[in-house]
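Thanks for coming, everyone. Please bring up the sequence and the model, and I'll walk you through them.

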Amino acid sequence: MPSRMPSAPRTGRPRSAAADAAILEATRAALVELGWSKLTLGDVASRAGVAKTTLYRRWAGKNELVVDAVAVLFDELELPDRGSLAADIEGVVLQFAAILDRPEAKTALMAVVAESTRDEPLRERIRTSIVERQKRLVLEGRSRAQARGELPLEKDPTAARTADLIFDVVAGAVVHRALVSAQPVDEEWAARFTRLLVGGLAAD
């Protein structure tokens, strides 16, 4: 008997990057206008011009959708190469603050952080989709500074622990300054903060 060729695996309809972007943008707009409690997937679908089933195929619920809507904003962060560790840190701090100053970022981040206090799966999604993804900036900055001779080489696991600590210090300070204290993160503040951080790294 002639051998039968295996059939090609069936795949679903490919995801549309344009639809995803429209959905995430609509999510942020709805958060600013309605707030967390009144936001629904139906409203997001209507704003994005897609069927509600499209959202459910991509996200299990509102929590996951909002985290992803926030995460793509922070993916815009880039570590500038300004010639020194201090200047690079100042640059990324000012970028971070500029994103936090956007109403959609501010509202969305505060909403998911507040909701995560009673939702462990949501906390884990924030860690994996936002925190872990942005640690790339610390790793890149440290590697660049080591290549310049500004920081000593470290071996794992010390290097991993140091990267975690640096990220916590930078993110915590900027978020607290911008969203909790509601004070400006301007060039003067960024410079003073950077001097403190770089001094601590040198001492360590």
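Start with the lining of the largest pocket: 26 of its residues are nonpolar, 3 are polar and 3 are charged. Keep in mind that this is a predicted model. The largest pocket holds about 720 Å³ of space. In total, 32 residues line it. Find Phe-96, Phe-167, Val-170, Ala-171 and Gly-172, the lining residues closest to the pocket's centre. Which elements give two or more residues to this lining? They are α5 (85-100), α6 (103-116), α7 (120-148), α8 and α9. Of these, α8 gives the most, with 9 residues.

Now the whole chain. What does its secondary structure come to? It comes to 9 helices and 0 strands. From the N terminus, then, you read α nine times over: α-α-α-α-α-α-α-α-α. The chain has 204 residues, and buried ones make up 40% of them. Next, contacts. Take those with a separation of 6 or more: 64% of them join residues 24 or more positions apart. As for the outside, the accessible surface of the chain is about 12000 Å². Carbon and sulfur atoms account for 55% of that surface.

Let's pick one helix, α4. It covers residues 62-74, which is 13 residues. From first C-alpha to last, α4 reaches 19 Å, close to the 18 Å expected at 1.5 Å a residue. Is α4 largely enclosed or left open? Of its 13 residues, 10 are buried, so α4 is largely enclosed by the rest of the structure. Buried here means under 20% relative accessible area. Run along the helix and you meet the buried residues: Asn-63, then Leu-65 through the stretch Val-66, Val-67, Asp-68, Ala-69, Val-70 and Ala-71, then Leu-73 and Phe-74. What covers them? The cover includes α1 (17-34), α2 (41-48) and α3 (52-58), and also α5, α6 and α7. Note that α5, α6 and α7 came up before, as contributors to the pocket lining.

Last stop: a loop. Go to Ala-182, between α8 (158-180) and α9 (187-203). Ala-182 is not a glycine, yet its phi is positive, at about 55°. Buried or exposed? Ala-182 counts as exposed, because its relative accessibility is 56% and the cut-off for exposed is over 50%. The helices on both sides of this loop, α8 and α9, also give residues to the pocket lining.

That's the tour. Questions, please.

Technical notes
Residues numbered from 1 in each chain as written. Predicted model: local features only at pLDDT ≥ 70, side-chain atom pairs only at ≥ 80, totals over all residues. Heavy atoms only, no water. Helix = DSSP H or I, 4+ residues; strand = E, 2+ residues; numbered from the N terminus. Buried < 20%, exposed > 50% of the residue type's maximum accessible area, 1.4 Å probe, protein only. 1 Å grid on protein atoms, 1.4 Å probe; cavity = no way out; pocket = protein on both sides within 12 Å on 5 of 7 lines; lining within 4 Å. Points joined across faces, edges and corners; volume = space filled by probe spheres on them. Nonpolar A, V, L, I, M, F, W, Y, C, P; charged D, E, K, R; others polar. Expected span 1.5 Å × (residues − 1). Contact = heavy atoms within 4.5 Å. Areas by Shrake-Rupley, 256 points an atom, 1.4 Å probe, with all protein chains shown as cover.
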